[in-house]
Amino acid sequence: MADREYDLVVIGSGPGGYVAAIRGAQLGLSTAVVEFDDRLGGTCLLRGCIPTKVMLHAADLLTQIRDAGRCGVRVGDATIDFPAVMRSKDDAVSKNAKGVEFLFKKHKISVERGRGRLTGPSTVEVTESGKARSLRSRKGIILAMGSRPREMRAFPTDGRRILSSDHILQIQDVPRRLAVLGAGAVGTEFASIFARFGSKTTLIEMLPRVLPIEDEDVSAELARAFKKQGIEVRTNATLKSATVEGNAVQLLLEQGKQEQALAVDVLLVAVGRAPNSENCGLEETGVALEKGYVMVDGNMRASLPGVYAIGDLVNTPWLAHVASAEGIVAAETIAGVPTRPLDYDKIPGCTYCHPEVASIGLTEAAAKARGYDVVAASFPWAASGKARILGEAGGFIKLVRECRYDELLGVHIIGPHATDLIGEACALLGLEATNEELSRIVHPHPTLAEGMAEASHAAAGHPLAF
């Protein structure tokens, strides 16, 4: 006999779990969320998206102030007060976590404190302070335990000199010399933050380019921009060893056939994330896993009837908005209302480094690999009046369209406010718009948004602004 019963039990309160719980409650399901952390919000809110964006905003402000003289605005020497930045980060996290608490109260969602463990298709064991209790779900269980920074066996993190993305959010001082292992979204963002804060920064990537999942032209442009900013970019580089000696980390890199030594104060390991699928009853209850990820269908159903999995537990993009969208699909499926599986070809990705990078859809190379006859064209920000006003004329908008139906297959942006501009592209690809339709949409001038229309004219073969 379970201690408590609910229609829906969600394990995890991150952007997947809390959105799933809210949607379930909106649909009339009595809902509980199991969470062992003392605050709600999961990795995104507590140790990911929100705190890092506070730090990036501080870096952006510092860059703008230092550039203000170009526009005739005279200010004193701008410096970074790092403890104040970290206090601002903590304040933003606290306020957002309280926001999730408010939403739970508003929707009458119960919070079951403790560590959740699946014990059957409709039961969850919750352990708190050594005491266990049982919850029963009448309609469904959603697994939303998220992920953690992936460790490297050769050089495990110690929280002092070799750090994970969790650790670096708690450091007290800006390191004089920083090496970042991994040039994906997490690595490039932290490199962009600390280089502008004053760290001599080296970005290390074993693959041939930074942001390897982005369009090749975007990766090349970001590497050029980083080098101009003084960030040393080392691609095709393997970290052979990392040894802590006193107050330094001695690195041995292999690039090509040459080995190089590098001494830094801090090494940030940013090589991806691992799903939190261990020690939570999945294998014992027969939930099918593949390389640690829960296997699901389009409605997020796991192999065990009545059990669903979302977010970083499944092998889909490690993005908060993906987890939230999957949570909605799972909750709606459990409630028995019409829903629609996600189209993972049309998921936006954003990297908040400087310059910003955002994209949705297929890259030029991916579209060709699928057999499309494609046209790709770019609009350079150097041809944008607004971008020149902002002093951010580097980068471009690149469109990928197929020739048979003129459908837009991908939009790739590097430059000012890319992460906001990608919203229009999300709507266009979601509605299966053609390049012709985009070119006929009148955009306001002078704005960055009109770059979308200009890129469309270029993709049609008749660029107007360059």
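## Aromatic cluster, buried glutamate and surface patch

Phe 194 and Phe 197 are about one helical turn apart because they lie three residues from each other in helix H5 (residues 185-197). Helices are DSSP runs of H or I with at least four residues, numbered from the N terminus. The model is predicted: local features need pLDDT of at least 70, side-chain atom pairs count only at pLDDT 80 or more, and totals for chains, interfaces and linings use all residues. Residues are numbered from 1 along each chain as its sequence is written, and side-chain values use heavy atoms, with hydrogens and water left out.

Six aromatic pairs are counted, where ring centres of Phe, Tyr or Trp (its six-membered ring) lie within 6.5 Å. Phe 194 and Phe 197 form an edge-to-face pair (planes over 60 degrees apart), with 5.9 Å centre to centre and 80° between the planes. Both Phe 194 and Phe 197 are buried, that is, under 20% relative accessible area with a 1.4 Å probe and protein chains only. One aromatic cluster is formed by Phe 82, Phe 190, Phe 194 and Phe 197.

Two residues in other helices are listed here.

| Residue | Helix | Exposure |
|---|---|---|
| Glu 326 | H7 (residues 320-335) | buried |
| Ile 65 | H3 (residues 49-66) | partly exposed (20% to 50%), 39% relative accessible area |

Glu 326 has no salt bridge (Lys or Arg side-chain nitrogen within 4 Å of an Asp or Glu carboxyl oxygen). Its nearest side chain of opposite charge, Arg 273, is 13 Å away (Lys and Arg count as positive, Asp and Glu as negative; His and chain ends are not counted).

Notes:
Helix = DSSP H or I, 4+ residues; strand = E, 2+ residues; numbered from the N terminus. Phe/Tyr/Trp six-rings, centres within 6.5 Å; stacked < 30°, edge-to-face > 60°.
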